[in-house]
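Reader: Could you take me through one helix of this model up close? I'd like to hear how it sits against whatever is around it.

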Amino acid sequence: MHPHIGGIEQTTRDIIDSLKDDEHRIICFNHEKGNRRDQVDGVDVFRCAVALKVASQAVSFNFNRILKNELKSMNPDLVIFHYPNPFEAHYLLKYLKKNHKTKLMIWWHLDITRQKILGKLFEGQTERLLKRANKVIATSPNYLECSPFLSRYKAKCVVIPSCINEKRLKVSASIIKKSELIRSRNEGKVICFAIGRHVKYKGYEYLIKASSFLDDKFKIYLAGEGMLTSKLKRLAKNDTKVEFLGRLSDDEMKAYMMSCDVYCFPSITKNEAFGLALAEAMYFAKPSVTFTIKGSGVNYVSINGVTGIEVENGNSEKFAEAIQAFSHDPLKREQFGASARARVLDYFTLEKFEKNLNILKRELV
């Protein structure tokens, strides 16, 4: 939860913003030392100290006590559980076994795919969660159809796409000026932009390899940081077209979104369940280049041949050809960009998210 912002944290904020009239309590893990209780925008947040991580999953020796105490004192009508987290699920299922009136909504962010042993080990637990759930939220129809778990529980599943926050993406005069400076520094060039954590499934190595098929009229800005940053910089060390920006502020991100000609989103696995940064670029009327990812919502967010160009997964040469296709045809960039913005406004705004979630909540409580 805030100040740490990732997909689950942002979705949690969107849920709370959407269910304004309800009382909320959030139990999450603490990215710093110790247990902590504080308020974020008037909501009680309980942060449980992380003792260790196993296969990227946080383990807290205090979680069970805090969860038990808060559930007992609040006696909630509805619990929203963000999947996957096998450790949390173990204790939540124990509580729900004794509290049949409490409704369970599972927000299914992704299948456990990378940690195959972990996924197999907790397969029974996942089945119990899905059987107990009253509703399961998938963020795209693509993920619902291709998830081996969700496809067996379609009757309980509802698609509520993730959303962009238009307030967060509001543009000021200073942001416009900064975007103009970026364009002036790259006069005559086609600007490509990508932003995200530098981890394997984001596929940035394929974007850097794609750059080798492009000439010097292109400029590729890669923002963000992560465990693969050093490796990516070594891969791009002889390529002057590629520039690493590091972690950006919201204002800097918006300036680069505004100034770019093509948004590059080279994720390669269904760990990229939706693609929120892709939707944000589309909100700025930017055409995109993506890979085909079976089961991912990426190819639901951006529609091939309408809002962007989708190419064979992992094929850097085809990725470069798609970028070139946009560079050769400014009218095509403009048309695809307009369609991209229209798609976001039609399907992926906080207003749509709020409407869909409240309809679902009224069915449950």
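Author: Here's a walk around helix α14, with a quick stop at a loop residue afterwards. Bear in mind that this is a predicted model, where local features need pLDDT of at least 70, side-chain atom pairs count only at pLDDT 80 or more, and totals for chains, interfaces and linings use all residues. Residues are numbered from 1 along each chain as its sequence is written, and side-chain values use heavy atoms, with hydrogens and water left out.

Helices (H or I, at least four residues) and strands (E, at least two) are DSSP runs numbered from the N terminus. Helix α14 takes in residues 330-347, and its 18 residues should span 26 Å at 1.5 Å a residue; the expected span is 1.5 Å times one less than the number of residues. The end C-alpha atoms of α14 are indeed 26 Å apart, so the two agree.

Now for the sides. R333, F336, G337, A340, R343 and V344 are the buried residues of α14, buried being under 20% relative accessible area and exposed over 50% (1.4 Å probe, protein chains only). They cover an arc of only 125° around the axis, so they sit on the same side of α14; that arc is taken from the directions from the helix axis to the C-beta atoms. Over on the other side of α14, L331 and E334 are exposed. As for partners, the buried residues of α14 pack against β13 (262-265), α11 (276-283), α12 (298-301), β15 (308-311) and α13 (316-328).

One of those partners, α12, leads to the loop stop: S296 is in the loop between β14 (288-291) and α12, and S296 is buried at 0% relative accessible area.

Terms used:
Contact = heavy atoms within 4.5 Å.
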